[in-house]
Amino acid sequence: MSYLNYHVAQVPTGWRKILHLNWPLVFLVTAVSCIGFLMLYSVSGGDIDRWAGPQMQRFAVGMVVMFALAFVPIWFWRSISVASYVICVLLLVLVEVMGHVGMGAQRWLVLGPIRIQPSELTKVAFVMTLAAYYDWLPVEKVSRPFWVLVPVVLILLPTGLVLMQPDLGTSIMLVAGGGIVMFAAGVSLWYFAAVIAIVVAGITAVMESRGTDWQLLHDYQFKRIDTFLDPGSDPLGAGYNIAQAQIALGSGGWSGRGFMQGTQSRLNFLPEKHTDFIFTSLAEEFGFVGAFSLLMLYVLILGFCLYSALTNRDRFASLMTIGIAGTFFLYFSINMATVMGMLPAKGSPLPLVSYGGTSLMILLMGFGIVQSAHVHRPRG
Amino acid sequence: MRKSEREIAESSRLITRRVVMLGAIQAAVVTALGLKLRSMQIEHADEYRMLSDGNSIKIRLLPPARGLILDRNGTIIAGNEQNYRVTLTREEAGDVSTVIARLRRIIPMTDRQAAEILDEIRKRSAVTPVLVADRLSWAEFSSIALNAPALPGVTPEAGLSRSYPRTGDFAHVLGYVGPVSDYDLSKIENPDPVLRLPEFQLGKVGMEAKLEEALRGKAGSRRVEVNSAGREMRELSRQEGQQGATVQTTLDAGLQNFATQRLGSESAAAVVIDVTSGDILAISSSPVFDPNKFVRGISGPDYRALMEHDHRPLADKTVQGVYPPGSTFKMVTLLAGLEAGVINPGSRFYCPGYIQVAGRRFHCWSRGGHGMVDAQGSLEHSCDVYYYELAQRVGIDRIAVMARKLGIGVRHDLPMSAIAEGIAPDRAWKKVRYDQEWQVGDSLNASIGQGYVLASPLQLAVMAARVATGRAVAPRLVKAIDGLAEPVPDWPDLGINPLHLRTARAGMDAVMNSSRGTARRARILAPEWRMAGKTGTSQVRNITAAERARGVISNDQLPWNRRDHALFVCFAPYDLPRYAVSVVVEHGGGGSAVAAPIARDILLYALAGGLPPLSAYPEAERAKVQEIWSKMNLAPSTRKGEARAKA
C-alpha cells in the first residue's frame, strides 16, 4: 500500500498533529517514568544527583525525541525500514569485529561522544522491517513455506550476531519480538506449534543426555552452557540475591513500609537495586498496592497500544505498533518474573523505571513510532 | 500498488483475531505475575516480614572455598587448610567486654590484643561478626563450643584458610592472600558482601591478586533460626557456595623447587620457558620468603627482617627487576645489523682491543683484542669492538626495534604483580626522558647491553626463546582454568631471515661448545641436550679514570653491592629447541663463571625431567655438581614417567 492510501489530505498536518497524539499513552509513559524517578531517589537514600537527576535529564531528552518521531509520517518509517535493517546488521558485524580486536564481549560502538548499542537499535529496526515485509506481502501468501522462511532468516541473522557477542538475553528478546510480529501478521499457528515443540524437545534431549553414555555435547560444552546461562553477573550467587529480593518484596505486605522506609541495610545487599532489582524496592516500600498499580499501568500502556493497532487500518502501522508493544510486554514481564524468582536470574531492566539511558531512549523512540502510527492512521 | 478494500478488510480481520489471541496470552502472563505478587505480599507477607526484621531468622553467608592453584602436573601449590576460629557479633553479645573477659579464660590473649578487638568491634556495625581469634587448637575450639551459653554473640567456626604447601618456592609468582582491609574495600566498587566476612581472604599480590575474580568463587547462604540471645537454634535451609575455579598453571613444581634451591641464598632470578608454547615452567626469584606467614599475619620482627635484608626477598626479581643485560643483548644488536643489511654473516671487523670514537676510547673486555672477528665469532668471543663498529653502522633506532621484536622493552602480560617494561632506548626515548640528543657513545654502550638498556629476566628468557624459534613466543602462566585448557596461540613468525637467526644461534652454540667459547666450562656433554647460550656481565658502577689508571679491580675486592651483575641466557637442545632459560645473579660477578653453571643445571633438570645423569656434565664439573646436589633438599619431581625413563 503506497502512501496514497493514507488519504493524506485527511491526515493532520503541521502543529495540528499535536491534537491527534495518543495523549493517554503520553500520560501513562510519563507516569511510569515518574514512579521510576521516585524509586531512584529512594534507593539512592535521598541523593538526587546519584540516579534520579541524570535519569530525569535523559527522560526529558527522550520525550523530545518521542515527540519528534511522532511528527514524522509513518510511511517514512516504512520506506527506510530495509535500509535501517541493513545498517543495524552492519553495526552488529562491526561490533563483532571490534569486539574481537578488543578481546572480549563488546556490545558498545563508540562514535565520538555517542555510544551506540546496536543490539538495542536492532530491536526497533527489525520489528519495523518485519512489519514492512508483511505490509508488502499479499495476505494470502503469509503462511506459504517460502514466505515464512524469509522473515525467519531476517530474524535469525541479527539474532545470531547478538548471540556471538555473547548476549543470550537480548537474542531471546529479538526472537520473541520477531515471533510476535509474525504471529500478529497471521502466520499459521502450526508453524508456532512446531517451533515450540522442536525447541522444547531439543533442549530436553540435550539436557537429558548430560551424564549418560549418549551425551550429545562434551562435558566442557555443558560447562560452557552453565557459564553462558549464568555469566557471573551477580557475584553473590544467584540464590542469595533472589532470596534477598524476595524478602524485600514479600515484606512489603499490603501497603508497604512507606516511602524511603525500606530496610536499606537489606537492600544494600542487592548490587542492582537501582537497575534490575528496582521492582523489589518499589514492592517493599509501596506494598502490593504500589507493585500491582505499576503492573496495571504497564497493562494500560499495552492496552492503549494494542487498541491503537486494532483501529489502524494501515497494515504496516498496525504491525509496527503490535511489535513495539510486544517488546515492551516482554521487558516488564521478564523483569518482574525474574525478581520474583519465577525465572532464572538474567540481567534485564524494568522498562521506564530502571536506571539506564539506552533502554529508556529506545523505549521512548519506540513509543514515538507508535504515536506516529496513531497520528497518521488512515482516515475516512 | 494500491491495496483493494477487500485486502485491507482481510488484513484487519486477521490482525484483530491474532491480537485477541496475543492479548489472551499476555493477560495470562500478567495474571500469573499478579497472583505471585499476591501470594508473596499478602499471603506470605508475615513470613517475609519476619525474615526482613531479622528477629528470629537470619541469613548467613557461607564463604566459598578459594580455588586451588596447581602446577602443570596437577600438584597443589596453593590449597586450603582447616582453620578453627571464633567471631563475635556486638548486637548478639550485649555487654561485649564481659564476653571478652570470659573468653580470655579459654583463649590466651594479651591486654593489648583484647583492647584491639574491642576497638574493632566498636568500629564495625552491630551486626558484623568480628574475628576474635583464629588458628585455635581443637581443645580450645571445643571448649568454646561447650561454654556457648555463657558466651552470647560468640560463634565458633570451622573454616578454610589458604596454605602454600611448597612454602617459599612459589612465593613471588603466586603472591599471597590476606584479610580484607578497609583500603581494599575502598578500591572496589560494589564490593561483594562476602568480603566483609571477618575471616575472608583476598589475593593481595601476584597471581592470587590478579586472578582474584576466578579464584574467589561464589558465596552460598543459609537461613538459620536464632533465639533472642542470637544463638543459632536450627538451620532452615542451606545453599552451598561454589568453590573458586581451579587454576592450573604452566609451572612445574619440581623444576621450580630445583631452580629456587639452585639460586640458593644469592640475590638472583631464573626463568624457564617452553620455547614452542611459551609456557613458563619455572620463574624463581631468590631469596624467597614464606607466604604462609603473610596469610597468618606476619609478626613485626619477621617483617622487619624481610624489609631490611639487603637481598630484598620481597621483590620479585624475575619480572619487577630490570638489569642492564650486558653481552646477552648482543644477539639483538647482531640481528639488527644483519636484518638491516649493513653486515652479512661473513662480514669481519678488526678488534685491536679498543676503539676511538668521538674522542673517547671504548675498550673491549679483552685488552689484547680479538683480531679479525666475524658474526659468529663476535658472539663466541663476546667481542665488544665488533658491536661498537656495528652500532655505528646500524644506528640505535633499528637496534631498539629489534629489541622490542625480541621481547625487550615491552611489557609481557602475565597474572603477576608490577611487571616491568624495561627499556629499549632510542632517539625519541632519550629526547622525552632526558631532553637530550642521542650521542654516538650511547649507541656504543647500548650495543653491548649497557647504558640505558634495561631488561628483566623474564624478557631475557623470552628473547632466548624467540631467537631459538624465530617466532613471537609470548610467555604464559595459565594452562587451564577449571579443566578448560587455555588454547596455546599459534605464535606468529617474527619475520627474521632464517639465515640470520641461524647465524645468531650458531654463535650461541659456539659460546658453549667451541674450544674457545666464553662459557665452555658450563657446556652440556650429552649430545641430545646440546646447549647454546650467551654470557653477560653488566657493570653496576662507572669505572673512574683513576681506577682505570690503577688497573682494573677484580670484583672480589669490591663491596657486594658494587660488584657486576652476572647474566646468562640459553636454550637447548640446539637442533630442536625445547626450553630457554635466563639467569641473573645480582652482583654475582662474571656471567660465565656464576650465572652460566646455574642456568645449565636448571636447563638440564628441565630437559631430563629430574636430576640428569652425571654423564651429561663435562668431566671436570662432575664433582662440583655432585657437591651442589648433596646440599640440596629437593622436593620429589611431579612429572611422571619421563624422569624415570631418562635416568
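Two strands count as paired when DSSP finds at least two bridges between them. Keep that cut-off at hand for the exercises below, and remember that the model is predicted.

**Exercise 1. Find the strands of chain B that pair with β3(B), and state the sense of each pairing.**

Solution.
Step 1. Start with strand β4 (residues 130–134) of chain B, which is joined to β3(B) by four bridges. The cut-off is at least two bridges, so β3(B) and β4(B), with four bridges, are a pair. The two run antiparallel. To locate the pairing in the structure, look for B:Val86, whose bridge partner in β4(B) is B:Ala133.

Step 2. Turn to strand β5 (residues 154–163) of chain B. Ten bridges connect this strand with β3(B), again in the antiparallel sense. Here B:Thr87 has B:Thr155 of β5(B) as its bridge partner.

Step 3. Now take strand β2 (residues 69–70) of chain B, which pairs with β3 (residues 76–88) in the antiparallel sense over two bridges. B:Leu70 is matched with B:Ile76 in β3(B). Between β2(B) and β3(B) lie five residues, and the two strands form a hairpin. In its turn, B:Gly74 has a positive phi of about 95°.

Result. β3(B) pairs antiparallel with β2(B), with β5(B) and with β4(B).

**Exercise 2. Trace the pairings of β17(B), and find the turn residue with a positive phi in its hairpin.**

Solution.
Step 1. Strand β10 (residues 247–249) of chain B pairs with β17 (residues 478–481) over three bridges, in the antiparallel sense. Within this pairing, B:Thr249 stands opposite B:Val478.

Step 2. β17(B) also pairs antiparallel with strand β18 (residues 484–485) of chain B, over two bridges. B:Ala480 has B:Ala485 in β18(B) as its bridge partner.

Step 3. β17(B) and β18(B) make a hairpin with two residues between them. The turn residue to pick out is B:Asp482, with a positive phi of about 55°.

**Exercise 3. Classify the ring pair B:Tyr176 and B:Phe294, and say which parts of chain B the pair ties together.**

Solution.
Step 1. There are 36 aromatic pairs over all chains. In the pair B:Tyr176 and B:Phe294, the ring centres are 4.3 Å apart and the planes meet at 20°, so this pair is stacked.

Step 2. Next, place the two residues. B:Tyr176 belongs to the loop between α7 (171–174) and β6 (177–179) of chain B, while B:Phe294 belongs to helix α12 (residues 291–296) of chain B, so the contact ties together parts that are 118 residues apart in sequence.

Step 3. Check the accessibility of each partner. B:Tyr176 is buried, because its relative accessibility is 15%. B:Phe294 is buried as well, at 11%.

For chain A, a cluster linked by ring pairs is made of A:Tyr133, A:Tyr134, A:Trp136, A:Phe146 and A:Trp147.

**Exercise 4. Take the salt bridges B:Arg104–B:Asp111 and B:Glu621–B:Lys624, and decide for each residue whether it is buried, partly exposed or exposed.**

Solution.
Step 1. Over all chains the count is 34 salt bridges. In the one between B:Arg104 and B:Asp111, the closest N and O atoms are 2.6 Å apart. B:Arg104 has a relative accessible area of 29%, so it is partly exposed. B:Asp111, at 58%, is exposed.

Step 2. The side chains of B:Glu621 and B:Lys624 meet at 3.7 Å, N to O. B:Glu621 is buried, with a relative accessible area of 7%, whereas B:Lys624 is partly exposed at 42%.

Step 3. For a salt-bridge network, look at B:Arg66, B:Arg162, B:Glu208, B:Glu212 and B:Arg216, which are linked in this way.

**Exercise 5. Find an arginine in each chain that lies over a tyrosine ring.**

Solution.
Step 1. In chain A, A:Arg58 is placed over the face of A:Tyr355, 4.9 Å from the ring centre.

Step 2. In chain B, the charged end of B:Arg433 sits over the ring of B:Tyr434, at 4.8 Å from the centre.

Methods: Residues are numbered from 1 along each chain as its sequence is written. Chains are lettered from A and ligands numbered from 1 in the order in which they are written. This is a predicted model: local features need pLDDT of at least 70, side-chain atom pairs count only at pLDDT 80 or more; totals for chains, interfaces and linings use all residues. Side-chain values use heavy atoms; hydrogens and water are left out. Rings of Phe, Tyr and Trp (its six-membered ring) pair if their centres lie within 6.5 Å; planes under 30 degrees apart count as stacked, over 60 as edge-to-face and the rest as tilted. Buried means under 20% relative accessible area, exposed over 50%, partly exposed in between (1.4 Å probe, protein chains only). A charge sits over a ring if NZ of Lys or CZ of Arg is within 6 Å of the ring centre and within 35 degrees of the ring normal. A salt bridge is a side-chain nitrogen of Lys or Arg within 4 Å of a carboxyl oxygen of Asp or Glu.
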